[in-house]
Amino acid sequence: MKPDTRTLTREFSKLTNTPSKTALSWLKQYDFDIDLACLHWAEKESKAEAEKRIHQLFDQFRSFEDANIIDFDGSAKLFETLGVSFEDPETLLISYLLESPNMGEFEREKFVHGCSTLCVTNLSDLKNVVDQKITLWKSDRTLQKAVYIYSYPLACDKGKKTLGTGVAIELLQVLLKSLFLLLDHWVNFLQSSPIIDRSLPRDTWNELWDFSVYTESSPDCSDYDFEGAWPTLIDEFVVYYRKHVLNIPEQ
Amino acid sequence: MQRSSKVKIRAPRKFTSNQVDFIAHWDVLHNAVKDIFNKSTSQLSFEELYRNAYTLVLHKHGERLYRNVKEVLKTRLENEVAPSIAGSFGSLLETENWSYVRNRDDFSLSMRKREAAILFLSNLVNAWKEHLVSMQMISSVLKYLDKVYSKSSGVMPIYDSGLMIFRDSVLLSSLEIGQKSGICILTLVFLERIGDSINRPLVNSCLDMLNSLPSESKNESLYDVLFTPKFLEMTRMFYQGEAQQNFEIYDVLEYLQKTNLRLEEEKERAQKYLFTKVSFALLSVVEKELLTEQIDNLLAKPISGFFAMLDSYNLEGLSSIYNMLSIVELGIPSIKKFFAAYISEKGRFINGSLALNKEDPQGNSQVAKVSTASSWVTKVLELWDKLREIVVRSMKEDRYVMNSLSDSFSNFINAYSRAPEFTSLFIDDNLKRDLKGRSEESVEKTLQNSVVLFRFLSEKDVFEKYYKTHLAKRLLNNRSISDDAELSMIGRLKQEAGNVFTQKLEGMFTDMRLSKELLHEYKGNYDQESGKPPFDLNVSVLASSFWPIDLVPEKISCDFPEYLKPSIDHFSNFYFSKHTGRKLIWYPSMGSADVRVQFKKRKHDLNVSTIAVVILLQFQALPGSESLSYEDLLQRTKIEPGDLKRNLQSLACAKYKILLKEPKSRDINAGDRFMFNDNFTSNMARLKISTIAQVRVEDDGERKRTMEKIDESRKHQADACIVRVMKDRKTLEHNQLVAEVTRQLSSRFQPNPIMIKRRIEALIEREYLQRSADNGRIYEYLA
């Protein structure tokens, strides 16, 4: 070991209060640039510190049976603390932000990841961020889409991958209320289609977002591409819509 | 180089222009020119005149001389020549209507017109020729002028200049002699077209004149400007009229003959006295008016048109239609169009005529229906043979017409939903043995033709399904003509549709061969073991994946009578000792048996189905006249009700009544009772009681089930195909994927894009695929 590296190691060790072995590996990683090494070390340390705090936050709501889970009651408490009622659509947004796997449930790892992404470590920060996001959610299309897409698996029963069309309709009415112009027609269509007794495919759910965007520029679907990649259920809807709602005879 | 001796260069002697008397010299020349014009040149001295001109040019009077000569020429042509020519233009020629169907002039009028035109043209041509002679002389005299003056000051030689003056002062003057000459030529051509003979050399000379003179602008001659456009327009009007008239008067063949003559005539005309450069444009006009404009009318003409010729197999006529129409660009496409229309009409007729048959009363419908299939196929093939022959023999096997033939056939064949079934039935009919009155070659040829039909089928998978069923019946009932014939048929199908298509069919043959070998071995063993077997057991061991066998529990549930059981078990033991880990399922509804039955009067050998044997054996143990009810039989044998009914029907309700049924009726109903008919008599010792295993047209219910199975199998094929494509390409845009899958599947069937889309969605659901995050139209393969 060269004298200067030895000095550097000693210095790093002193600064960060780490054993010399750890100090050496940090320094090596940053090519003995002690300033850079210290910076990254501090960042990691603070991250670890933050995560520790998030875990503590999680623990405030965790289930008694399973330490890695916030159960239904815990969720109710969490929502309440954040000023949101269980029936409010905002719960969907919060579930998305905190990566809830199923409605009314949070997992430790995902919760921590979610909070880190939002850069919050305590309840009051979380509440602030959630309030901000709720405001943003009212107008931001990207966020709206993300929440929309996230809601499908969220609303599925635990262990299931598909969503019954009936439940899906309720969810659509919450999520797309003022966004999808043809929502009422779409719902009527679903209710009259045999699909009502089955599940609504996730692909159709996802594509419906783009379809709703499409209908903004073409409310009568006059240039709808039947040869395109739209799911067949949407194809069928367009036929239904043009024929029964707009009364345009088929070509 | 040697140094030249010193030479003093002197300045040239100077002449001043006024040293020479221009007027005097010019007068001499002027008079000479006049003499030339008057053709009184005998007194002239060429040498003297040349010297005069020479002197004038030498004394820098070139320009003046040139100008004066031109002036003299112009004056003469304008004042003397032009008016005299123009004066000979008769008023008869003034207005002309060039249509072929104008009111015909009477003979004398056209003769007068001809004479007038010839007179005018002769005058013009003579004047031109004289002018040329004069100009030759003048230009010889003024050679020095050309040599020195014309060249250096960049004007035309006097000869050319003289021709230009003729052009401007005669042809293009206000007297419009050029235009008039055009009218005269057109008059003559017109007269020739309607049958007169005319003075061709005169016309040719006149055109030659026009062609030798450049027009005022552009790079064209007077011929191009004064003659060509009017000539083509006149030709157009003429043939437009003629086409209409000929179309009404003549039938199609005559019309085409006339047209051909006209084309030859115009070709010759262009060669002989017009100029070849107009030939192409001229022929295009004639072809357009006589052919292109009339194609559809001609082809559609009733009685003598295209359809009629096809109907009457008029090869000569069709050949001349083809030859004539292929001259013009739109000809072949029109033939294609009409050909397609003809085929689809005939096809609709064939398909329609069978739809009518279907409404025949139900009785005895089975036989009628197989013959329906055959007659459909035969009709289609007859039509194909006929039309193909027509294309080969009268249309030089034109590739485009041939394609349209194939496409149209494929369209109407596939419009007929029973086509795959009927095709297979037809082949079945021809591959069955004991067909009387048909030579091997004719069967061979028919089979060859049926491959043509197969080629057109877009739903090859449906065909395969039926073919398997029919083949199975042929093989199991031993009704094929020969293995060779079967294999050669399969070979043909393989050639058309590839290895994969015939794999299962070949598998069926292998099974039959292996079964024979196995049976041989089995019988050898049996003989050694315990002497004669109670009866001869023939077993075909078939792989369920190759054979079209319904392995539904009802179909295979059959309680074999005690008499049969030992043999069955014996064979099973033998089989399992050879092949471990296999499963044998006995399938009674496809086998047959020969049984000897003792009736009161005599013994008869009956050939019946396996199920019928099982039924008959129920009566063997039965005392005398006791009867069994349908329910008894059902319960004792556990045979599937449909099979049981069908077999009872053939035993009790058909020609040979081995069983008696109470009450008597055609159908088997619950509660019916059966008893053995001891009093049965027949003249024949051997009787065939055919029931099942008869190849026949499916009824609607069966057909629906078949189609459901096929749909199911198509879904699997589409799934497999989509996954295969995506695995290979990883990411692919929706339409490209649909196109590729359609392409790959089309050798089996014509997949519908919506179906493919549904399969894609199903695969997304099952997480074989996903949509790309940034473009929903792009799919990604998930490994």
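Start by selecting D511(B) in this predicted model. D511(B) is buried but forms no salt bridge. Now select R582(B). R582(B) carries the nearest side chain of opposite charge, and it is 7.6 Å away from D511(B). A salt bridge would need a side-chain nitrogen of Lys or Arg within 4 Å of a carboxyl oxygen.

Next, show the helix that holds D511(B). This is α22 of chain B, residues 499-530.

What is D511(B) in contact with, leaving aside neighbours within four places in sequence? Select V541(B), L542(B) and A543(B), then add F546(B) and W547(B). These residues are the contacts of D511(B) once those sequence neighbours are set aside.

Stay in chain B and move to helix α20, residues 460-476. Pick the C-alpha atoms at its two ends. They are 24 Å apart. The 17 residues of α20(B), at 1.5 Å a residue, should span 24 Å, so the two values agree.

Is α20(B) largely enclosed or largely open to the outside? Colour its residues by burial. Of its 17 residues, 13 are buried, so the rest of the structure largely encloses α20(B).

Step past the end of α20(B) to N478(B). N478(B) follows the helix and has a positive phi, near 55°.

Finally, switch to chain A. Show it as a cartoon. Its secondary structure comprises 12 helices and four strands. Chain A has 251 residues, and 43% of them are buried. Turn on the surface. About 13,800 Å² of chain A is exposed, with 52% of that supplied by carbon and sulfur atoms. Last, look at contacts in chain A between residues at least 6 apart in sequence: 56% of them join residues at least 24 apart.

Conventions. Residues are numbered from 1 along each chain as its sequence is written. Chains are lettered from A and ligands numbered from 1 in the order in which they are written. This is a predicted model: local features need pLDDT of at least 70, side-chain atom pairs count only at pLDDT 80 or more; totals for chains, interfaces and linings use all residues. Side-chain values use heavy atoms; hydrogens and water are left out. Helices (H or I, at least four residues) and strands (E, at least two) are DSSP runs, numbered from the N terminus. The expected span of a helix is 1.5 Å times one less than its number of residues. Buried means under 20% relative accessible area, exposed over 50%, partly exposed in between (1.4 Å probe, protein chains only). Lys and Arg count as positive and Asp and Glu as negative; His and the chain ends are not counted. Contact means heavy atoms within 4.5 Å. Accessible areas come from the Shrake-Rupley method with a 1.4 Å probe; for residues, only the protein chains shown count as cover.
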